[in-house]
Amino acid sequence: MYTCSKQFEGFPCCHRQPNHPGHCHFVHGYSRSFTCWFGAKELNQHGFVVDFSSLKALRQVLDQQFDHTFLANADDPLLPEWQRLHELGALDLRVMANVGMEGSAHWVWEQTNELLYARDAGRSWCWQVEARENSKNAAYWQLPPPWANQQ
């Protein structure tokens with residue numbers, strides 16, 4: 001298959017890991033970045049796996065989720081407090097199954113593949129996402145979507 005990758009940077013947000021026994025249970029933040037790896041068995045009419053200029057919709061999804069937002073786990077016992085602060089305008093809340101970098105990588109993979117499938121009808125796909133919290137730490141989600149093997 002053909003592959004390429006695209007990096008998306010500049011997503012300042014914060015979160016906490018409520019079940020962590022150490023300092024990660026405190027609210028903290030990073031300027032996250034994501035790298036998406038794309039695949040296709042056939043190139044598009046312009047000779048690309050994915051035309052990077054066509055990924056504006058993905059950038060908008062990432063901005064909406066991660067730009068100056070507060071991420072809370074769906075099972076965070078303080079979720080009602082975060083929702084109250086959101087209603088007061090003190091934070092811009094996003095609730096996720098897992099706000100950590102691993103969960104964020106999976107979430108970005110899902111969103112990316114939804115957009116690609118709707119646009120390309122399965123011609124291209126995202127098979128890996130790197131979610132980076134800084135230059136030292138990253139997490140990955142890697143899995144070709146089901147339609148990748150059918151093409």
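Reader: What makes the pairing of the side chains of Ser 124 and Asp 120 a polar contact?

Author: In this predicted model, the side chain of Ser 124 meets the side chain of Asp 120 at 2.5 Å. A polar contact requires a pair of N or O atoms within 3.5 Å, and the value of 2.5 Å satisfies that limit.

Reader: Why is Ser 124 called buried or exposed?

Author: Ser 124, a residue of strand 5, has a relative accessibility of 0%. Buried means under 20%, so Ser 124 counts as buried. Among the residues that Ser 124 touches, beyond those up to four places away in sequence, are Val 49, Val 50, Leu 116 and Trp 147.

Reader: How do you know that His 15 is buried?

Author: The relative accessible area of His 15 is 3%. Because the cut-off for buried is under 20%, His 15 is classed as buried. His 15 belongs to strand 1, and its side chain makes a polar contact of 3.0 Å with the side chain of Arg 32. Leaving aside neighbours within four places in sequence, the contacts of His 15 also include Phe 26, Tyr 30, Leu 71 and Val 99.

Reader: Why are the buried residues of helix 1 said to line one face of the helix?

Author: The buried residues in helix 1 are Leu 58, Leu 62, Gln 65 and Phe 66. Seen down the helix axis, they fall within an arc of 75°, and therefore they line one face. In general, an α-helix has 3.6 residues a turn, so residues three or four places apart point the same way. On the other side of helix 1, Lys 56, Gln 60 and Gln 64 are exposed.

Reader: What covers the buried residues of helix 1?

Author: The cover includes strand 1, strand 2, strand 3, strand 4 and helix 3.

Reader: What makes the phi of His 68 notable?

Author: Most residues other than glycine have a negative phi. His 68 is not a glycine, yet its phi is positive, at about 60°. His 68 comes just after helix 1, in the loop that leads to strand 3.

Reader: Why is His 68 called exposed?

Author: Exposed means over 50% relative accessible area. His 68 has 60%, so it is exposed.

Reader: What is the phi of Ala 121, and why does Ala 121 count as exposed?

Author: The phi of Ala 121 is near 55°, a positive value in a residue other than glycine. Ala 121 sits in the loop between helix 3 and strand 5. Its relative accessibility is 57%; the cut-off for exposed is over 50%, and therefore Ala 121 counts as exposed.

Definitions and conventions
Residues numbered from 1 in each chain as written. Predicted model: local features only at pLDDT ≥ 70, side-chain atom pairs only at ≥ 80, totals over all residues. Heavy atoms only, no water. Helix = DSSP H or I, 4+ residues; strand = E, 2+ residues; numbered from the N terminus. Buried < 20%, exposed > 50% of the residue type's maximum accessible area, 1.4 Å probe, protein only. Arc of directions from axis to C-beta. Contact = heavy atoms within 4.5 Å. Polar contact = N/O pair within 3.5 Å; in protein donor to acceptor, adjacent residues only side chain to side chain.
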